[in-house]
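Colleague: Could you take me through the backbone of this model, with a close look at the places where the geometry departs from what one usually expects?

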Amino acid sequence: MTVALAATTIAFAPVPAATVTPVERHIRIEAKSFEYSPAVVTVNSGDRVTLELAATDVVHGLYLDGYDLNVTADPGQPARLTFIADRPGAFRFRCSVTCGPLHPFMIGKLNVGSNWLMLRAVGLAALGIVFVTQRCRGAGAQRNL
Amino acid sequence: MTRYDLTRLPLVEPLLRNRWPQFVTTSIALGGFVFAIIAGMVGTPVGSRNFGIVSVWIGWWALLMLIAVPFFGRGWCSICPLPAPGEWLQRGAVLGPSTGTGRRPGLGLRWPNRLRNIWLQNGAFAVIALLSVVVLTTPSVTAVVLAALLVLAVVMSLIFERRAFCRYLCPVGGFIGLYSQLAPIELRVKDPAVCACHTQKTCYTGNADGYGCPWQVFPGGLVKNTFCGLCVECLRTCPHDNIAINLRDFGADLSNPAGRRLDEAFKAFIMLGSAMAYSAVMLGPWGALKSAAYTVGSAAWVIYAAAFLVFIFVVLPGLFFTAVVVGRRLSQNLAENSTTKTRRPEGKRQAFIALSYALVPLGLAAWIAFSLSFVFANLSYLSAALSDPMGWGWNLFGTARVNWTPYLTQFVPILQTIVLVGGLIWAGATAQRIAEETSKMRSLPVIVFCLIVTLVLLGLLVG
């Protein structure tokens, strides 16, 4: 019962509101087969983000998981995507235009504020281990009686 | 542990005894398999538009890892098209046992005793794993690999008896067997005493109703799923109606200490390590790593290959062995300070083998978590590839122009978290149960090992 309560708390407790003042961010991401540079982008929750996608070899795209946003850029013609980063967490962005053999694995990452899912996952993993060891200890004690 | 025999249901046993449903399903799968080879050979070189790549590495892989293996264990093996042509040749028949007395083409040799293990499967998987980034993305290479496996299966059927390829060489069958121990389904005998009294052992030798076990297994001695291909020949040949297909608890085989082996233990490390490596290489943001894995033969690839092999064959098992030794020491110290009697601990090697089975649920969870992001991100390629399988501009079903749309991207990380944490808890509980066979204290470092692996996977997939 205690474990279930703790698990529910870890899984569903509301996240604290962001304390950092949102700012305007302009980030240029260069795309070439089969990587983005920078591959990891970090912003604060609430920031107004403009991603400038610049393809340097062939046509590339950038689809942002979780935000369901997409932009494509031809070589030499950068394209922009502006959005408010209002969902905290880690989001993959991936190429949305078939660009070559490793296209399905052309992936980058956008970190928005704290990754609460990861923190919850770590908490649940630790709780799970405590639960397993305690349960077995209880079962062992019962057998010894 | 509860079990329910599915053959008691009115339609199940006749359906399983009848050869046609299995034959038709296998034939359809074989047709798709051959078509995938053809598409890979002559279709577009663009992987995401080629039926060979999309049907195998997205469609089949999703079915296998997200449904078939977790819920049906070796269910896929029962309809797998790979061994079918060779088996038909070997038997001289496509359906039931042929009544003719003509000589069949196969040599029917026994598989060498020294190779009666899954080390060859471990090696075969490792070789394909090293080339996986190329295999997964290049239609012609996928076609060559599939064709090579098909030819190898036929050749093995003509040289050796029964399904030697499936049992000892198939790189896919090796890990399906390992993870089939977790499935909530099993084939077992209803009453072992009936088998003991049955001198003819038709389940192994075969009779007019069916073939002797193709997997070289005596059903009366089955204690776990690993080597039972669920082909249900024994159900057909048993004259005493003594074969059951049971629904059971998930992971029931892991509680059974019988049949634990070093080759299978290493399979668990290979699979877990590969899932971790793939998560970094294929789903991570590191372009240099992807390029290294793709440029087979280059210096970067050699370094990648060496690192991959060292990781799965040395680092992971080495760290795990250290955890086992620490746990053993812990339990020994505890036993020395305790007045209560504890069982004599087994040797380090035995403890290593036994506790490595705790990695089976964690490994499957890792593969499911990896497959979730890979499959859902690329599933929409399937409808386009079905409509235009060769990438030649056809539009058979009107879906060839469907745009790429990743599915459930908001929910996949949540699903991955649930699967990985669930796998960790399952692994921890398994480690405790295995450790209880001597002293449960020895499982603690192994559980910490599982926790660290889970955190690394979470970092790679969700972080």
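Modeller: I will begin in chain B, where Leu230(B) sits in the loop that runs between strand 4 (210-211) and helix 12 (233-237). Please keep in mind throughout that this is a predicted model. The phi of Leu230(B) is near 55°, which is a positive value in a residue other than glycine. As background, most residues other than glycine have a negative phi, and most peptide bonds are trans. Leu230(B) is buried, because its relative accessible area is 18% and the cut-off for that word is under 20%.

Past helix 12, the loop leading to strand 5 (243-247) of chain B holds Asp241(B). Asp241(B), although not a glycine, has a positive phi of about 50°. Its relative accessibility is 36%, so Asp241(B) counts as partly exposed, a term that covers values between the 20% limit for buried and the 50% limit for exposed.

In chain A, the points to inspect are peptide bonds. Ser33(A) and Phe34(A) are joined by a cis peptide bond with an omega of about -5°, and Phe34(A) belongs to the loop between strand 1 (24-32) and strand 2 (35-37) of that chain. A cis peptide bond also joins Ser37(A) to Pro38(A), here with an omega of about 0°, and Pro38(A) is found in the loop between strand 2 and strand 3 (40-43) of chain A.

Notes:
Residues numbered from 1 in each chain as written. Chains lettered and ligands numbered in written order. Predicted model: local features only at pLDDT ≥ 70, side-chain atom pairs only at ≥ 80, totals over all residues. Heavy atoms only, no water. Helix = DSSP H or I, 4+ residues; strand = E, 2+ residues; numbered from the N terminus. Buried < 20%, exposed > 50% of the residue type's maximum accessible area, 1.4 Å probe, protein only.
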